[in-house]
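The exercises below are meant to be worked with the sequence and the coordinates open side by side. Try each task before reading the solution that follows.

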Amino acid sequence: TLRLGILGSLASTPVLYGAIVAVLVGVTAPGSVAGTLTPVAVAAEVTLGRAGVVAVILAAILALVSTANAGILSSSRYPFAMSRDSLAPPSLSAVSDRFGTPVNSITLTGVVLLVLIAFVPILDIAKLASAFQIMVFALINLAVVAFREGSAEYEPEFSSPLYPWMQVFGAVTGLALLTRMGTVALAGAALITVASVVWY
């Protein structure tokens, strides 16, 4: 089910994005959405007027709230897992009896995110987050090869098509993407890498 969900989302997302772009281009005047940060709102205003803009804003707020919630919950698993591996204070792996969740880890992650939102420009945060995700993706690909070829005890429960070329491709393209994300993203990725190695 998990694999079908991942593959299904990978297949459906480009189709959905393509359809949205086709609608945006089709309902707006030539060049009216070029350079704007809110092309969907522009298209909604053309078709539905002010009510369309309000509907898009409400949908965006709901989407951002759900995405932020998912982001905090998933990001909190990093300090949680590090704590379990004795790489962070033991309190971060404590699980709430009431909720069954790592409350301390979630709280720490939420506080860090709030500080970033308060003091770092939102576009820089987006670039840093994207760079971090791309870097993690590239390193996971390298880790698969390292685990399978190294001496560590590792018995994978999955097979990977075109091994190791698929992993090499994933790592190389991930690193290539990082070079296209600008100085802030590259500096952030480098800082995270150095800090992680020092912490480890």
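**Exercise 1.** In this predicted model, compare the expected span of helix α8 (residues 182–199) with the distance between its end C-alpha atoms.

*Solution.* Begin with the length of the helix: α8 has 18 residues, and at 1.5 Å a residue these should span 26 Å. Next, take the separation of the end C-alpha atoms, which is 26 Å and therefore agrees with the expected value.

**Exercise 2.** Work out which residues of α8 are buried, and which exposed residues its opposite face carries.

*Solution.* First apply the cut-off for burial, under 20% relative accessible area; A185, G188 and A189 of α8 are buried. These residues cover an arc of only 100 degrees around the axis, so they lie on the same side of α8. Then turn to the face directed away from that buried side, where the exposed residues T183, L191, V194, V197 and V198 are found. Finally, look for what covers the buried residues of α8, which includes α6 (122–149).

**Exercise 3.** Identify the residues of the largest nonpolar core and the elements that give two or more residues to it.

*Solution.* The largest nonpolar core has 7 residues, namely A131, I134, M135, L178, M181, A185 and A189. Assigning them to elements shows that α6 and α8 are those giving two or more residues, and that α6 gives the most, with 3 residues. As background, nonpolar side chains in soluble globular proteins tend to be buried together.

**Exercise 4.** Search the whole structure for aromatic pairs, and describe the geometry and the accessibility of what is found.

*Solution.* The search finds 1 aromatic pair. Y78 and F132 form this pair, with 5.9 Å centre to centre and 75 degrees between the planes, an arrangement that is edge-to-face. Because Y78 lies in helix α4 (residues 77–84) and F132 in helix α6, the pair ties together parts that are 54 residues apart in sequence. For accessibility, Y78 has a relative value of 40% and so counts as partly exposed, and F132, at 24%, also counts as partly exposed.

**Exercise 5.** Determine which ring the charged end of R148 sits over, and then characterise the surroundings of A60.

*Solution.* The charged end of R148 sits over the ring of Y163, at 5.3 Å from the ring centre. As for A60, this residue lies in helix α3 (residues 50–75), and its relative accessible area of 36% makes it partly exposed. A60 and A41 are 19 residues apart along the chain, and their C-alpha atoms are separated by 10.0 Å.

Technical notes:
Residues numbered from 1 in each chain as written. Predicted model: local features only at pLDDT ≥ 70, side-chain atom pairs only at ≥ 80, totals over all residues. Heavy atoms only, no water. Helix = DSSP H or I, 4+ residues; strand = E, 2+ residues; numbered from the N terminus. Expected span 1.5 Å × (residues − 1). Buried < 20%, exposed > 50% of the residue type's maximum accessible area, 1.4 Å probe, protein only. Arc of directions from axis to C-beta. Contact = heavy atoms within 4.5 Å. Phe/Tyr/Trp six-rings, centres within 6.5 Å; stacked < 30°, edge-to-face > 60°. Lys NZ or Arg CZ within 6 Å of the ring centre and 35° of its normal. Core = buried A, V, L, I, M, F, W, Y, C linked by side-chain atoms within 4.5 Å.
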